[in-house]
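User: I'm new to reading structures like this one. Could you walk me through it, feature by feature?

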Amino acid sequence: MAVAHKGAISFGLVHIPIQLYRTTQDTAISFNQLCKDTHERVKYKKFCPNCDKELKSEDIVKGYQYEKDKYVIMTNDEIEKLKVEKDRTIQIQHFTSLANINDLYYEKNYYAVPEKHAEKAYELLRKAMQEENVVAVAKTVIGTKETLLALCPSDEEIIVKTLFYEEELVENPKTILHPDIDKAELNMAKQLITSMSKPFEPETYHDEFQERLRNAIEEKIDGHQILHSSDRKEDHKTPIDLMEALKQSIEATKPKTKRKRVRH
């Protein structure tokens, strides 16, 4: 797996060189865009209308539009010159409880892997944070953006979570009503939750639609037509009698007992 970012954790006067690796991979089926008539692959060209020619990567620069059709050019060297030493390191700002960070702020996860000879300092930070039950809030520059981070200890490693800034979050565009709830309905809902509760086992879940899609692709490769799904349509309308719906839901979660055969 390719390194997503190289840097170092700055913990007081302690310097811990690390590499960041993504914790996830995209397993979804990807489709290419083709011409409807010829099935040829669609190509996208970077074209300058003023020069009337196709551009190569070395012909393209970064430009910021400050007025209509007016740009200031920033080269990669100029952007790099703006970075001071602390921008190249993951600077720990402070420590806090994980519960103090709202889930809305989390964006991506990375494994932080220590460089050679930095293992002891890395383990010291990981173990100290784990025993104190805290996470570290830090900052570093990735690309052209100063990124807010949370360094979270686990039993094996430190997971680095990128965070959104406060100004990047948006409020819910809709107002959610909170009608009064009948106590009997609430107790019934809690009973349903209890009947459906069990440990989370991620290995038991997989993308069933992707499986059907892969199978359909194989069928078409073999020259077969895709048949329509015969699954019954489910009624997702909100029931008028909420209490009755809860009762039926609880009954549906109960294990079915087999009737004993009566021998004559």
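Analyst: Let's go from the overall form down to single side chains. Keep in mind that this is a predicted model.

User: Sounds good. How many helices and strands does the protein chain have?

Analyst: Start by counting the regular elements: here there are 5 helices and 11 strands.

User: And is the chain spread out or a compact globule?

Analyst: For that, compare the radius of gyration with the globule rule. The rule gives 18 Å for 264 residues, while the chain comes to 28 Å, well over that, so it is more spread out than a compact globule. Along the principal axes, the C-alpha atoms fill a box of roughly 90 × 65 × 45 Å.

User: What share of the residues is buried?

Analyst: Buried here means under 20% relative accessible area. In this chain, 22% of the 264 residues are buried. The chain exposes about 23,000 Å², and carbon and sulfur atoms supply 52% of that area.

User: Now the side chains. How many aromatic pairs are there?

Analyst: The structure holds 2. One of them joins F11 and F95, edge-to-face, with 5.9 Å centre to centre and 85° between the planes. Planes over 60 degrees apart count as edge-to-face, which is why this pair gets that label.

User: Where in the chain do F11 and F95 sit?

Analyst: F11 is in strand 1 (residues 5-11) and F95 in strand 7 (residues 90-96), so the pair links parts of the chain 84 residues apart.

User: Are those two rings buried or exposed?

Analyst: In between: F11 is partly exposed at 28% relative accessible area, and F95 is partly exposed at 36%.

User: Which residue lies over the face of Y106?

Analyst: That's K161, at 5.4 Å from the ring centre.

Methods
Residues are numbered from 1 along each chain as its sequence is written. This is a predicted model: local features need pLDDT of at least 70, side-chain atom pairs count only at pLDDT 80 or more; totals for chains, interfaces and linings use all residues. Side-chain values use heavy atoms; hydrogens and water are left out. Rings of Phe, Tyr and Trp (its six-membered ring) pair if their centres lie within 6.5 Å; planes under 30 degrees apart count as stacked, over 60 as edge-to-face and the rest as tilted. Helices (H or I, at least four residues) and strands (E, at least two) are DSSP runs, numbered from the N terminus. Buried means under 20% relative accessible area, exposed over 50%, partly exposed in between (1.4 Å probe, protein chains only). A charge sits over a ring if NZ of Lys or CZ of Arg is within 6 Å of the ring centre and within 35 degrees of the ring normal. The radius of gyration is taken over C-alpha atoms; the globule rule is 2.2 Å times the number of residues to the power 0.38. Accessible areas come from the Shrake-Rupley method with a 1.4 Å probe; for residues, only the protein chains shown count as cover.
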